[in-house]
Amino acid sequence: MDGHLEDGVVHVDGDARQRFYDSRGYGRPLGGNRVALSRIEAAHLLFRGDLDSVDGEGFRAFFADSVAAGDRFALRFLVYKDLRGRGFYLAPARDSWPGPADDAAEGDAAVDLVVYPRGKGPTDGGVEHRVWVAGERETLDAASLLPDEGESSVLAVVDEESEISYFEASRGAPDGSVDYAAPGGVTGTLLEDRVLVWDPPGELYEHGFYGQPLSGRAVADAVGEGLQLSLVEAAALTAAGSLTLGDAGGDADSDAGTASADYDAVVARGREVEGDRFDRRLRGYVELRDRGVVPKTGFKFGADFRTYAELESVSELGHSEALVRVLPPEHTFAPRDLALDVRLAGGVRKRMVFALTGSNDGIDWLSVGRLTP
């Protein structure tokens, strides 16, 4: 059976509808028994030997011509072939399909393939995955990975050896059940890149999980010896009116300014230490606390925070559930770096979450994990 290429679409006559569309979900019917196939679908049928030629060309020549036509054909073909091999029916993600590549629907530019639920086809309704295909050396706009609310998208990264890694992206901030209000009257001393509280109330650490005792976390009653607060913790506590800045001995300064001045002093130090990144991290930290989640440093995991959704006391602390990196909305990923983040999070049984925010913007929460289709 032969096909004919016209305006980027392969037309096939004979009993093509029954053989390709009705039984296996390839292409779209054109009336009667004729079907229209995308280049990818036609190449796959040529590769399998189900289609003899397209305008006299076999698989090798047609594949080379299609790669030369652009639109990342080789990458998309490899992913299409892999998903077909996994038992899925799928199609190009274009509202106007069949049609030329530049007829992609506006807003769907990042979606290359629509995958139907296993055992289902295009006429059965429902979509299992919306797949964005990328090569390992491309750059990925973080904002483009965000799917519509309530949906998820799949990123298929093809590496230099043509192996494919799948990642599922969804919206969703970490949520928790920690309902803790820090007590007032806490006085601390601003020292370089932290605030030291000499005589903190025990509950601030034990039940709020703020700071780190000078003698180490394992000794919960050692907070009387001093509690070290990170600058983001100190900024959040001064903003809430719980913490004021005092002198070097930890005593309240009778000449101190307002709570607003204390907050400004901590934020100014944070910006001095890490620039604009401090404002983004503070924005993320405050929203996580507002969501009932306790954020702590994620430095040992290469992240901004690790998070705890439940907390009765530090003495009975469970494992953190997520790693959070705070990024500007215009951030671009290298697929290798994204894979590293997700792999590390999965290796320590956590999910990887990216908080996309500017210093004064809302936050788009992007959760990314590995997927086996």
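Begin the tour by selecting strands E12 and E13, which run antiparallel and are joined by 3 bridges. The model on the screen is a predicted one, and every stop below refers to that model. Within this first pair, look for threonine 189, which stands opposite leucine 196 in E13. Then move to the hairpin that E12 and E13 make, where 2 residues lie between the strands and glutamate 192 takes a positive phi near 50 degrees.

Keep E13 (residues 194-197) selected and add strand E15 (residues 227-230), since these two strands also run antiparallel, here with 4 bridges between them. Leucine 196, already met opposite threonine 189, stands opposite glutamine 228 in E15.

Return now to E12 and add E16, and the pairing is of the parallel sense, over 3 bridges. In this pair, valine 186 stands opposite leucine 243 in E16.

With these strands in view, widen the selection to the open sheet of 5 strands, whose order is E14-E15-E13-E12-E16 and whose pairing is mixed. Strand E14 (212-213) and strand E16 (243-245) stand at the edges with a single partner strand each, so one side of each has no neighbour in the sheet.

The next stop is the pair of helices that lie across strands of this sheet. Select H6 and you will find that it lies across strand E12 (186-191), E13, E15 and E16, running at about 90 degrees to E15. Helix H7, in turn, lies across E12 and E16, and it runs at about 75 degrees to E16.

Now show the two helices together. Two packed helices are described by the angle between their axes and the distance between the axes. For helix H6 (residues 231-239) and helix H7 (residues 259-274), the axes come within 9 Å and cross at roughly 160 degrees. Because angles over 145 degrees count as roughly antiparallel, H6 is roughly antiparallel to H7. The crossing of H6 and H7 is left-handed.

To see which side chains to display here, choose Leu231, Ala234, Ala235, Thr238 and Ala239 in H6, which meet Asp262, Tyr263, Val266, Val267, Arg269, Gly270 and Val273 in H7. The residues of this contact divide into 8 nonpolar, 2 polar and 2 charged.

Leave this region and select another sheet, an open one formed by 10 strands in the order E6-E7-E8-E10-E11-E22-E21-E19-E18-E17, with mixed pairing. Its edge strands are strand E6 (90-92) and strand E17 (294-297), each of which pairs on one side only, and from one strand to the next the twist averages 30 degrees.

Within this sheet, pick out strand E18 (residues 305-308) and strand E19 (residues 322-327), which pair in the antiparallel sense over 3 bridges. Here threonine 307 has alanine 322, in E19, as its bridge partner.

Then add helix H9 (residues 335-347), which lies across several strands, among them strand E8 (129-135), strand E10 (152-158), E19 and strand E21 (351-356), and runs at about 130 degrees to E21.

For the last stop, turn to the aromatic rings, for which the count comes to 12 aromatic pairs. One pair to display is phenylalanine 47 with phenylalanine 77, whose ring centres are 6.3 Å apart and whose planes stand at 80 degrees, so the pair is edge-to-face. Phenylalanine 47 lies in helix H2 (residues 39-48) and phenylalanine 77 in helix H4 (residues 73-85), so this pair ties together parts that are 30 residues apart in sequence.

Technical notes:
Residues numbered from 1 in each chain as written. Predicted model: local features only at pLDDT ≥ 70, side-chain atom pairs only at ≥ 80, totals over all residues. Heavy atoms only, no water. Axes fitted to C-alpha atoms, helices over the stretch in contact; angles between N-to-C directions. Parallel < 35°, antiparallel > 145°, perpendicular 65-115°, else oblique. Left-handed = near helix turned anticlockwise from the far one by under 90°. Contact = heavy atoms within 4.5 Å. Nonpolar A, V, L, I, M, F, W, Y, C, P; charged D, E, K, R; others polar. Pairing = 2+ DSSP bridges. Phe/Tyr/Trp six-rings, centres within 6.5 Å; stacked < 30°, edge-to-face > 60°.
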